[in-house]
Amino acid sequence: MKRLRIASLLSAALGLSLMASQALAQAYPNKPIKAIVPFAAGSATDQIGRAFAQKMSEVLGQPVVVDNRAGVNGMLGADAVAKSAPDGYTILIGTNSTNAALKSLMKKLPYDQDTAFAPVAYMGSVPLIVAVNNDVPAKNLKELVDLAKSKPTQITFASASTSQLVSTEVLSSMTGIKMTNVPYKSGPAAMTDLIGGQVNLFSADFAVMLPQVKAGKIRGLAVTSTQRSKAIPELPTVNEALGLKDYELIAYFAVFAPAGTPADIVNKLNAAVNVAATDKTILERFSALGFETAPASPEALAQRSKAETAKWAKAIRDAKIEPQ
C-alpha cells in the first residue's frame, strides 16, 4: 500500500511537471529574449544577428535583444549561453567558430561543444575575401605567395575569429608559405590596422571586407568559396588564382539554445528564424555581401553541425594549428 501511494505521488508530481512545462511552452515568449552575439559590434555575426533578431521580434511578439560578448574566438559568448537556463530566453547567434572549430582550436573548453547546445535553426553562410594593404607589392594572390616564400614569416596576417585564422593558415599550408599571425579582438579593429598598414594581410567576411575593397582602401585578391561571388565577380577564387582544387572555407551562422530547452520552444524559435531567412529585406541587404540563406529544421542543423565539426577539425589538423 505504501509503495502504491509513493508511486501515485511520483506519478502526480511528474504529471504536474509535464503540465508546467507544456504551459511554459504555450505561453512562450512572454518577455524579451536575449540573443548573445559572441563577436564585436560591426562584425558580420553582429550585423546578420541584429537583422534576424529584429524580424524574429516581429514574429514572436517580444523583443529579441542583441548582447555582444566578444572574446576568445567566440568562446566567451558561447559559454554564457551554455550556462544559461534552458527556457528559450537566452539564445546564441552561433558560427562555425563557436559550434564547429573551437573544439579543435582549444585544449579545453568551459563547456562540451557537442552537448551544451540545442540546435535551433540555420541562418546562412558567407565566403571570405583575402585582401592586403595597398602598399604590399603583390597585385594578385600568386604574387603574394611568391613574396611570402621569399620572406618567410615576414608577411603578417590579422585574425579575430576562427574562420579568419583557419582560412589563412590552410592557405599557408597548401602553398608552403609561412606568415606571422597577429590576433585581434574584433574584425573591425583588424580592418583598421590593415588599412593603416600595421598588418599586411587579412581574410574576413564580406561585411567587413567588401566596403573597404570597393572604396579602394585595401586590395582584394581572392574569395574563399569554390565559386566567384556575384557581389564582386572580378575577384577569382583562391583555387583559380593558385591552380588549386580543394580550397574552400566559408563562415556560417546559426541559432542555438542551451541544451535541455523544450522542443516546443525550439520549434517556435526555429519558425521565427526561418521567417527571417526568407525575408525580402534581409535577403536584399545581405545578398550583396555574399550571404546565402538555407531555412531548415533543428534536426538539419544538428546534422550540419556534426559534419562541419569534422570538416573544421580536418582543416585545423591539415594546417598544423596547435590547440591553445
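1. A definition to start with: a polar contact is a pair of N or O atoms within 3.5 Å. One such pair sits at the start of α8, where a side-chain oxygen of Asp205 comes to within 3.2 Å of the backbone nitrogen of Ala207. Please keep in mind as you read on that this is a predicted model.

2. Staying with α8, how many of its residues are buried? The helix covers residues 206–214, and 7 of its 9 residues are buried, leaving it mostly covered. Those buried residues are Phe206, Ala207, Val208, Met209, Leu210, Gln212 and Val213. Ala207, the partner of Asp205 at the helix start, is one of them.

3. What do the buried residues of α8 pack against? Their neighbours are the helices α2 (44–60) and α7 (187–196), together with the strands β4, β7 (201–205) and β8 (218–223). Just after the helix, Gly216 adopts a positive phi of about 80°.

4. Met209 of α8 also turns up in the largest nonpolar core, which has 59 residues. Met209 is among the residues with the most contacts inside this core, along with Phe52, Ile129, Phe202 and Leu269. Strand β4 supplies the largest share of the core, 8 residues. As general background, nonpolar side chains in soluble globular proteins tend to be buried together.

5. Leu269 is a nice residue to click on in the viewer. Leaving out residues up to four places away in sequence, Leu269 touches Tyr28, Ile33, Met56, Leu60, Gly88, Ile91 and Val120. Apart from this core lies another, of 49 residues, including Ala78, Val81, Phe117 and Tyr122.

6. Now to the pockets. The largest has a volume of about 350 Å³ and a lining of 17 residues. Which residues lie nearest its centre? They are Pro127, Ser225, Arg228, Gly290 and Glu292. By class, the lining holds 5 nonpolar, 8 polar and 4 charged residues.

7. Strand β4 (117–133) matters for reading this pocket too: β4 and β10 (292–293) each provide at least two lining residues, and β4 gives the most, with 3.

8. The second largest pocket has a volume of about 270 Å³. Its lining is made of Val170, Ser173, Met174, Asp246, Tyr247, Glu248, Leu249, Lys311, Lys314, Ala315, Asp318 and Ala319. Two helices, α6 (162–175) and α12 (298–318), each give two or more of these residues, and α12 has the largest share, 4 residues. By class, this lining has 6 nonpolar, 1 polar and 5 charged residues.

Key
Residues numbered from 1 in each chain as written. Predicted model: local features only at pLDDT ≥ 70, side-chain atom pairs only at ≥ 80, totals over all residues. Heavy atoms only, no water. 1 Å grid on protein atoms, 1.4 Å probe; cavity = no way out; pocket = protein on both sides within 12 Å on 5 of 7 lines; lining within 4 Å. Points joined across faces, edges and corners; volume = space filled by probe spheres on them. Nonpolar A, V, L, I, M, F, W, Y, C, P; charged D, E, K, R; others polar. Buried < 20%, exposed > 50% of the residue type's maximum accessible area, 1.4 Å probe, protein only. Contact = heavy atoms within 4.5 Å. Polar contact = N/O pair within 3.5 Å; in protein donor to acceptor, adjacent residues only side chain to side chain. Core = buried A, V, L, I, M, F, W, Y, C linked by side-chain atoms within 4.5 Å.
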